[in-house]
Amino acid sequence: MRFDVLTLFPEQISSYFSQSITGRALKEGIIELNTVNIRDYSNDPHNSVDDYTYGGGAGMLMMPGPVYDAYKSLNVPKDTRVVYLTPVGRVFDQKYAIDLSKEKEIVFICGHYEGIDERVIDEIVTDRISIGDYVLTGGETAALVVMDAVSRLVPGVLGNETSFVDESFYDDLLEYPQYTRPEHWMGKDVPPILLSGDHAAVDEWRLEESIRITKELRPDLYEKWAVSHEEYFIKKEKKAKREAEKARKRAKKLANTNDL
Ligand code: SAM
């Protein structure tokens with residue numbers, strides 16, 4: 001996977017990305033990162049890339065020319081996804097990350113000031129992505145959020161290929177609580193089921209915890225999950241009926257024994 005980032009602050013991107021898991025992926029060549037300084041494509045004697053907005057209004061806007069020339073310098077195939085990070089975009093989520101992780105190369109454009117002239121966005125951008133309903137000073141942090149989430153879905157970036165399958169949002173559920181050593185800490189114990197060695201029981205506990213937490217914290221996600229997991233509720237109802245039947249039989253047996 002190759003990321004090309006058009007930005008006025010290339011060092012913000014490279015310094016973050018060269019650390020930790022993404023840093024290792026870069027070193028191992030699983031991810032390639034190429035930053036392009038939009039200012040290098042200014043055609044103004046003062047190297048400026050922004051100007052006043054037509055129609056008035058506070059703040060400056062990035063001019064279309066330098067952004068376009070920076071993009072052209074990449075010489076990417078015509079079908080390459082070009083992402084503009086903007087509050088006026090589709091809100092990024094895990095499904096969007098999964099979709100982007102299937103690409104070979106993605107170009108990111110980071111805006112600054114009041115944003116970028118609309119004409120160059122119309123000309124080259126395929127995806128407008130927002131990372132949430134708030135306004136940042138620049139697109140760099142937003143590009144890093146998207147690149148980080150996409151990278152960890154690229155095969156080989158996480159040590160364990162299945163790591164992300166258990167994580168929050170993979171199946172519209174939030175992750176269950178996790179524990180490590182020590183077993184007792186500040187009067188709090190690790191749930192005994194996790195020490196039982198019974199893998200099926202652990203899986204069941206984790207699913208129930210995921211459902212509980214999602215229902216409590218993100219009812220919107222829970223509703224989505226519930227609609228597409230009818231079989232879970234059917235199975236649960238059958239299990240409850242079986243257990244009620246067992247309890248009824250036990251009570252009957254006990255009553256018969258007492259009658260003797
Ligand atoms: N005037 C713009 C508006 O009201 O929509 C905001 C411009 S913002 C100050 C400067 C740049 O930060 C944008 O061009 C964009 O690249 C980035 N940005 C700000 N908030 C963002 C968000 N929520 N998601 C993605 N990018 C964002």
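**View 1. The ligand takes up the space of the second largest pocket.** On a 1 Å grid over the protein atoms alone, a pocket is an open set of points with protein on both sides within 12 Å along at least five of seven lines. A molecule counts as sitting there if more than half of its atoms lie within 2 Å of the grid points. Keep in mind that this is a predicted model, where local features need pLDDT of at least 70 and side-chain atom pairs pLDDT 80 or more, while totals for chains, interfaces and linings use all residues. Numbering starts from 1 along each chain as its sequence is written, and side-chain values use heavy atoms, with hydrogens and water left out.

**View 2. Here is the shell around the ligand, 20 residues in all.** A residue gets in if one of its heavy atoms lies within 4 Å of the ligand. Tyr84, Leu85, Glu114, Tyr134 and Leu136 come nearest. Sorted by class, the shell has eleven nonpolar, eight polar and one charged residues; Ala, Val, Leu, Ile, Met, Phe, Trp, Tyr, Cys and Pro count as nonpolar, Asp, Glu, Lys and Arg as charged, and the others, Gly among them, as polar. Strand β5 (81-91) and strand β7 (127-130) each chip in at least two residues, and β5 has the largest share, with five. Strands are DSSP runs of E, at least two residues long, and helices are runs of H or I, at least four, numbered from the N terminus.

**View 3. Backbone atoms of Ile131, Gly132 and Gly139 meet the ligand in polar contacts.** Such a contact is a pair of N or O atoms within 3.5 Å. For Ile131, a backbone N or O atom lies 3.1 Å from a ligand nitrogen. A polar backbone atom of Gly132 is also 3.1 Å from a nitrogen atom of the ligand. At Gly139 the partner is a ligand oxygen, 3.4 Å from a backbone N or O atom. Taken alone, the ligand exposes 580 Å², and the protein buries 85% of that (Shrake-Rupley method, 1.4 Å probe).

**View 4. Two backbone oddities turn up at Pro182 and Ser20.** Most residues other than glycine have a negative phi, and most peptide bonds are trans. Arg181 and Pro182 are joined by a cis peptide bond, with omega about 5°. Pro182 sits in the loop between α6 (140-151) and β8 (184-185). Ser20, in helix α2 (residues 20-27), has a positive phi, near 55°.

Technical notes:
Polar contact = N/O pair within 3.5 Å; in protein donor to acceptor, adjacent residues only side chain to side chain. 1 Å grid on protein atoms, 1.4 Å probe; cavity = no way out; pocket = protein on both sides within 12 Å on 5 of 7 lines; lining within 4 Å.
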